Amino acid sequence: MPESPVPIPVERAIRKLGGDISLARRRRHISQASLAERMGASLSTVRRMEKGDARIPIHFFARALHVFGEIQALEHLLDTPNDEIGLTLMDERLPKRVRSKSGGPSGAL
């Protein structure tokens, strides 16, 4: 089964992330070989990741972020309490009014 092409915005984002990882590594004076060792990856994986190869599994990007002390950036990518689109969609489905059941609790605290 042939792979579907990677959408251009996805390709750009992965390429940018790879470039940012390369820059962060160089700013910290870490060699590609040292980053690979710290990540538990091969040197070729780090090289491909820094070039923005979309076939690199996300856990390698996460491992690089961890090495740089930036793993929280991944944790907050789609922070559901701040997901404006998701929250708006939920709010649109709320009932216009709520009727209390006869004889039951009113729901007030």
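The protein chain in this predicted model has 6 helices and 0 strands. Read from start to end, its elements follow the pattern α-α-α-α-α-α. The radius of gyration of the chain is 22 Å, well over the 13 Å that the globule rule gives for 109 residues, so the chain is more spread out than a compact globule. Along the principal axes, the C-alpha atoms fill a box of roughly 70 × 35 × 25 Å. Of the 109 residues, 22% count as buried. Among contacts with a separation of 6 or more, 46% are between residues 24 or more positions apart.

**The annotated region**

UniProt, in an unreviewed entry, lists residues 21–74 as "domain: HTH cro/C1-type". Over residues 21–74 the chain is 69% helix and 0% strand. The C-alpha atoms at the two ends of residues 21–74 are 13 Å apart.

**Helices α2 and α4**

Two packed helices are described by the angle between their axes and the distance between the axes. For helix α2 (residues 32–39) and helix α4 (residues 58–67), the axes come within 9 Å and cross at roughly 105°. Angles of 65 to 115 degrees count as roughly perpendicular, and that crossing therefore makes α2 roughly perpendicular to α4. On the α2 side the contact involves L35, R38 and M39, which meet F60, R63, A64 and V67 of α4. By type, the residues of this contact divide into 5 nonpolar, no polar and 2 charged.

Which residues of α4 are buried? They are F60, F61, A62, A64 and L65. These buried residues pack against α1, α2, α3 and α5 (71–75). F60 and A64 are on the buried list, and both also take part in the contact with α2. An α-helix has 3.6 residues a turn, so residues three or four places apart point the same way. Just after α4, G69 takes a positive phi of about 75°.

**Three individual residues**

The table gives the location and relative accessibility of three residues.

| Residue | Location | Relative accessibility | Class |
|---|---|---|---|
| E50 | helix α3 (residues 43–50) | 10% | buried |
| A62 | helix α4 | 17% | buried |
| H29 | loop between α1 (8–27) and α2 | 74% | exposed |

Is E50 buried or exposed? With 10% relative accessibility, E50 counts as buried, since the cut-off for buried is under 20%. Residues up to four places away in sequence aside, E50 touches G18, G19, I21, S22, R25, Q32 and L35. One of these, L35, belongs to the group in α2 that meets α4.

A62 in helix α4 is also buried, at 17% relative accessibility. Leaving out residues up to four places away in sequence, A62 touches I71 and L74. The C-alpha atoms of A62 and L74 are separated by 7.1 Å, although the two residues are 12 residues apart along the chain.

H29 lies in the loop between α1 and α2. What is the phi of H29? H29 has a positive phi of about 55°, although it is not a glycine. At 74% relative accessibility, H29 counts as exposed, because the cut-off for exposed is over 50%.

Key:
Residues are numbered from 1 along each chain as its sequence is written. This is a predicted model: local features need pLDDT of at least 70, side-chain atom pairs count only at pLDDT 80 or more; totals for chains, interfaces and linings use all residues. Side-chain values use heavy atoms; hydrogens and water are left out. Axes are lines fitted to C-alpha atoms, for helices over the stretch in contact, and angles run from 0 to 180 degrees between N-to-C directions. Helices (H or I, at least four residues) and strands (E, at least two) are DSSP runs, numbered from the N terminus. Angles under 35 degrees count as roughly parallel, over 145 as roughly antiparallel, 65 to 115 as roughly perpendicular and the rest as oblique. Contact means heavy atoms within 4.5 Å. Ala, Val, Leu, Ile, Met, Phe, Trp, Tyr, Cys and Pro count as nonpolar, Asp, Glu, Lys and Arg as charged, and the others, Gly among them, as polar. UniProt positions are given in the numbering used here, feature names are shortened, and annotations may be inferred rather than shown by experiment. The radius of gyration is taken over C-alpha atoms; the globule rule is 2.2 Å times the number of residues to the power 0.38. Buried means under 20% relative accessible area, exposed over 50%, partly exposed in between (1.4 Å probe, protein chains only).
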